[in-house]
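Reader: I am new to this structure and should like to understand the terms used to describe it. Please show it first, and then explain how each description is reached.

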Amino acid sequence: MDKIMYEAQRQGRFSFYMTHFGEEALLGVVAALKSRDVIHGQYREAFGLLYRGFSVEDCMNQCFANAGDGGKGRQMPVHYTSSQHYFQSISSPLATQIPQAAGSAYALKLRCATKYHPVDDEQNCSVCFFGEGAASEGDFHAGMNMAATLKCPVIFVCRNNGYAISTPASEQYNGDGIASRGVGYGMDTIRIDGNDLWAAYNATKTARKIAVAENRPVLIEAMTYRVGHHSTSDDSTKYRDRKEVEHHQQLDNPITRLSNYMMHQGFWTQAEDEALRKDVREHVMASFKRAENRKKPPVSEVFTDVYDTLPPHLQQQEAELKRLIATYPEYYAFADEHEPSAPK
């Protein structure tokens, strides 16, 4: 999916994209969770949604901002959300999800019932993903301190991939990475090989036991490497050597490592691998075509979902927009690209 969507963005078919290249092993984190543990992502956690049943087409609907997008086309591409899959909306501002995760974990600790999360016998925790660059934000310290002092069942997962966009880790901090900060806040902390799916899985499984059984936050620092550009707005060749990228891509690729392990154990074969890749590519391409050709949400959705009852000033703005579209159709040709608004 990443390769196809990255190339499509480069062709101008939608506005923005971020890949997961080099960080795929953190799927092990999500695999170790319960399905109703609340995930607060940063922007490289689409694997968590896919693992929980969010489809490839759902991802593409969001990127194309079409009528199938659960966010109704209001967010930037790759800013996924799904209440059904207990995945909180991704935000562009760095580190905002960290205190939010501490807050949702505190609610889980108090066993507060919500529309999406009833109180029952299952104990749940929150999980928060962020990069080492986000750990330089004030929200990181506020969220960590809140979680530690209020004893919130939350797992913080720091993807230390070496770069905060173009700033290397060597210029971000002078201490021993991010793990030492967890110790400073009195948290159980572990540093793992972030390119080892089994390490991610086992560390998270243990962290979850601590979080839900003892109401204590845990910090996991996953040492990985961002093989791709930060985003489609970035050109990483301007600040790092291609050979450095090729070294990690060839010798420490999480997918290759897992594939080689499974083949060595007799769980997987080269023929199965090739067949799966072929089938997945066909599925992704079919989903891509449907999503690209689907109409945008109704124009009327611009005014919905903020107020329970539309206030007078927004009613006036909606009426004015309808008048302008009807009066000057030559300037509003885009209206044909949208689904019709439902009658009121």
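Author: A salt bridge is a side-chain nitrogen of Lys or Arg within 4 Å of a carboxyl oxygen of Asp or Glu. Lys and Arg count as positive and Asp and Glu as negative, while His and the chain ends are not counted. The model is predicted, so local features need pLDDT of at least 70 and side-chain atom pairs count only at pLDDT 80 or more, whereas totals for chains, interfaces and linings use all residues. Residues are numbered from 1 along each chain as its sequence is written, and side-chain values use heavy atoms, with hydrogens and water left out.

Reader: Why is R240 said to have no salt bridge?

Author: The nearest side chain of opposite charge, E244, is 5.1 Å away. A salt bridge needs a distance within 4 Å, so R240 has none, although R240 is buried.

Reader: What polar partners does the side chain of R240 reach?

Author: The side chain of R240 reaches the backbone oxygen of G228 at 2.8 Å, and the backbone oxygen of V227 lies 3.0 Å from a polar atom of that side chain. A polar contact is a pair of N or O atoms within 3.5 Å; within protein, one must be able to donate a hydrogen and the other to accept it, and residues adjacent in sequence count only if both atoms are side-chain atoms.

Reader: Why is H20 called buried?

Author: H20 has a relative accessible area of 6%. Buried means under 20% relative accessible area, exposed over 50%, and partly exposed in between (1.4 Å probe, protein chains only); H20 is therefore buried. The backbone oxygen of R44 lies 3.4 Å from a polar atom of the side chain of H20.

Reader: Why is R257 called partly exposed?

Author: The relative accessible area of R257 is 29%, which lies between the two limits, so R257 is partly exposed. A polar contact of 2.7 Å joins the side chains of R257 and D252.

Reader: What makes the phi of Y86 notable?

Author: Most residues other than glycine have a negative phi. Y86 is not a glycine, yet has a positive phi of about 55 degrees. A95, also a residue other than glycine, has a positive phi near 75 degrees.

Reader: How do you know whether A95 and Y86 are buried or exposed?

Author: A95 has 0% relative accessibility and Y86 has 14%. Each value is under the limit for buried, so A95 counts as buried, and so does Y86.
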